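Ready to practise reading a protein model? Work through the exercises below with the structure open beside you.

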Amino acid sequence: MTYLDNIRKDGKYANPFFCLAGIEVVHTEEGRAILKMIVRPDMHNGVGWLQGGMLVALADEAMALALYPMLAETEGIATISESTSFIKGIRDGVIIAEGRVIRKGRRVAFCEGEVRMGNAEKTILSRTTASFAVTSLI
């Protein structure tokens, strides 16, 4: 079974980090994935805001899950680089990450992700761009 098969079958239980952070898989399809997470006080930094690394990690996971359906069974991925712009802070509530594949080549894939508040306005919190190495599992 592939990682994506495990995610589809077991949801967050297929990824220990998802369990730790309480990340739920909302949707995955070729080139797009949506995750959600409830912000908890134990995720705050020293001044009471969600630690920025949680936004980066959530976007990274959403981008990876958007990319996985586009891979052959003999391919895997590894993050090469990421850049995140933090737009607004959050202290509590639900946040939603959407990952999208911009282009998948034979060796490198380019993705972008956004994390937004789960409110009616879908207020944007951060934007991330990333490149992933497409690796051979054989």
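**Exercise 1: A residue on a strand**

Task: decide whether R32 is buried, partly exposed or exposed.

Solution. R32 has a relative accessible area of 28%. Buried means under 20% relative accessible area, exposed over 50%, and partly exposed in between (1.4 Å probe, protein chains only). R32 is therefore partly exposed. Next, place the residue: R32 belongs to strand β2. Helices (H or I, at least four residues) and strands (E, at least two) are DSSP runs, numbered from the N terminus. Finally, look around it: leaving out residues up to four places away in sequence, R32 touches H27, A66, E98 and G99. Contact here means heavy atoms within 4.5 Å.

Before going on, note that this is a predicted model, where local features need pLDDT of at least 70, side-chain atom pairs count only at pLDDT 80 or more, and totals for chains, interfaces and linings use all residues. Residues are numbered from 1 along each chain as its sequence is written, and side-chain values use heavy atoms, with hydrogens and water left out.

**Exercise 2: The sheet**

Task: find which strands stand at the edges of the sheet.

Solution. Start with the order: six strands form an open sheet, β1-β2-β4-β5-β6-β3, with antiparallel pairing. β1 (24-29) and β3 (75-86) each have a single partner strand, so they stand at the edges, and one side of each is left without a neighbour in the sheet. Two strands pair if DSSP finds at least two bridges between them. Now take one pair: β4 (residues 93-104) and β5 (residues 108-117) run antiparallel and are joined by nine bridges. In β5, G113 is the bridge partner of G99.

**Exercise 3: A charged residue in a helix**

Task: what is the nearest side chain of opposite charge to E61, and how far away is it?

Solution. First locate E61: it sits in helix α3 (residues 52-67). For charges, Lys and Arg count as positive and Asp and Glu as negative, while His and the chain ends are not counted. The nearest side chain of opposite charge is R40, 14 Å away. A salt bridge needs a side-chain nitrogen of Lys or Arg within 4 Å of a carboxyl oxygen of Asp or Glu. E61 has no salt bridge, yet it is buried. Its contacts, not counting residues up to four places away in sequence, are Y3, N15, F17, F18 and L35.
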